[in-house]
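User: I'm new to reading protein models, and I'd like to learn how the labels are earned. Could we go through some of them together?

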Amino acid sequence: MNELSEQEMAGLLRPLSPFYYWPNFGNLGDLLIAEGTRQFFDRYGLQYREFDSLGTAAPLDGRLSLVVAGGGRFTANWCSAEAEEVMLSPMVETAVVLPHSINGVDALMAGLGPNCHLICREQASYDYCTSVNTGARCHLADDMAFALDLDALDSHPLDVPLEKLNEEEKRTLSLLKDGLPEGMKASVRFASVRSTIHGEEKRVAFLLRNDSEKDVPYCSPFTYDISVAWHTSGRKMRYNANMLLAFADAVRQADVVVTDRLHVAIMCWKAGVEVYMLDNSYHKLSGVYRKSLGNEPSVHLLADGRFTPELERAWRRLNSPARLLRWRVGKWGKLAKRLFRR
């Protein structure tokens, strides 16, 4: 097995520099990956240009070398026709896929050759890639979110002239001014309940996903999928740091977080918040836990997909009949007010 350290991964990329970097469009988790990757590039003096499309990518230094952002782009859930077209294009001389979950994309794997390096972030993806007879070279390494240094992030002021911003930056600035960070913190508190954990009263937040990767039966109107509070192109933008710092501040509203979002778990660990991880549909959380987080005392894997007795009590308290009744009355009251205004 070819397991890469951060330094070895930089050594793999150095001969390709300058290269194109292809970030993921996605949520706050994808932003965590993207900014961790940029810090990694800067640490090792790796030069890059952001990739738009094959139609606009001119070869750099006489070749087209592509470094694909880490994440889950090459899974049955999310792999797109564009991703397959780019990865199999004869224009791409060398491709490196940064630490990824990879599964269910047999046709793509069959078309890849030795000009492609697939770096997997957990054992199951590595086993899949090496089992489908791809000609690509396979490696194992930590998720790129681990490369992020939260303390190195600097917020940008919100009083910049609008003509200096692109459209995505303008939208983000508007959200920041309209109170998105405070809203994220309030939503984490709403998804929290005070309960006893390890013999101490703590604020426990349930930050659970609601998309096709969900693989646990825990559903409630009181949970909060913080990852989708904001979406990003993944590109280098003003206010990326602001959003990640807001993400960290929001999870710090709890003492303990329960989540089936991988990058919520990683952010909690970085922000000093104890976290319990539930797996997703293709087991990336358990895989990354075993690869990268298994020795961290503040991170726990709920391997059987069930809460501990302490978390079960907190869950029942979060969803108590009295709280559900108050929520339903409030919900219908707000609807009635809107109807009567018409």
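User: What makes Arg 73 count as lying over the face of Trp 22?

Analyst: Happy to help! This is a predicted model, and in it Arg 73 is 4.0 Å from the ring centre of Trp 22. The cut-off for a charge over a ring is 6 Å from the centre, together with an angle within 35 degrees of the ring normal. Arg 73 lies over the face of the Trp 22 ring, so it earns the label. Arg 323 is placed over the face of Phe 190 too, at 5.3 Å from the ring centre.

User: Why is the pair of Phe 146 and Trp 269 called edge-to-face?

Analyst: Look at two values. The ring centres of Phe 146 and Trp 269 are 5.7 Å apart, with 65° between the planes. Rings pair if their centres lie within 6.5 Å, and planes over 60 degrees apart count as edge-to-face, so both conditions are met. The two residues come from distant parts of the chain: Phe 146 is in the loop between strand S6 and H6, Trp 269 is in helix H9, and 123 residues separate them.

User: Are Phe 146 and Trp 269 buried or partly exposed, and how do you know?

Analyst: Buried means under 20% relative accessible area. Phe 146 has 17%, so it counts as buried. Trp 269 has 26%, a value between 20% and the 50% above which a residue is exposed, so it counts as partly exposed.

User: How many aromatic pairs are there, and which residues do ring pairs link into a cluster?

Analyst: The count is 16 aromatic pairs. Ring pairs join Phe 19, Tyr 21, Phe 40, Phe 41, Tyr 44 and Tyr 48 into a cluster.

User: How do you know that Cys 116 and Cys 138 are in no disulfide?

Analyst: The structure has 0 disulfides. For Cys 116, the nearest cysteine sulfur belongs to Cys 138 and is 8.3 Å away. For Cys 138, the nearest is the sulfur of Cys 129, at 4.9 Å. A disulfide needs two sulfur atoms within 2.5 Å, so neither residue qualifies. Both fall under the 20% limit for buried, with a relative accessible area of 2% for Cys 116 and 13% for Cys 138.

User: What makes the peptide bond from Ser 17 to Pro 18 cis?

Analyst: Its omega is near 5°, and the bond is cis. In general, most peptide bonds are trans. Pro 18 sits in the loop between helix H1 and strand S1.

User: What is the sign of phi in His 198 and in His 283?

Analyst: Phi is positive in His 198, near 55°, and in His 283, at about 65°. Neither residue is a glycine. Most residues other than glycine have a negative phi. His 198 is in the loop between strand S7 and strand S8, while His 283 is in the loop between strand S10 and helix H10. With 44% for His 198 and 45% for His 283, both lie between 20% and 50%, so they count as partly exposed.

User: Which class does each residue lining the largest cavity belong to, and what is the cavity's volume?

Analyst: The volume is about 30 Å³. Trp 230, Met 237 and Tyr 239 count as nonpolar, Thr 172 and Asn 240 as polar, and Glu 168, Glu 169 and Arg 238 as charged. That gives 3 nonpolar, 2 polar and 3 charged residues. Helix H6 supplies the largest share of the lining, 3 residues.

Definitions and conventions. Residues numbered from 1 in each chain as written. Predicted model: local features only at pLDDT ≥ 70, side-chain atom pairs only at ≥ 80, totals over all residues. Heavy atoms only, no water. 1 Å grid on protein atoms, 1.4 Å probe; cavity = no way out; pocket = protein on both sides within 12 Å on 5 of 7 lines; lining within 4 Å. Points joined across faces, edges and corners; volume = space filled by probe spheres on them. Helix = DSSP H or I, 4+ residues; strand = E, 2+ residues; numbered from the N terminus. Buried < 20%, exposed > 50% of the residue type's maximum accessible area, 1.4 Å probe, protein only. Phe/Tyr/Trp six-rings, centres within 6.5 Å; stacked < 30°, edge-to-face > 60°.
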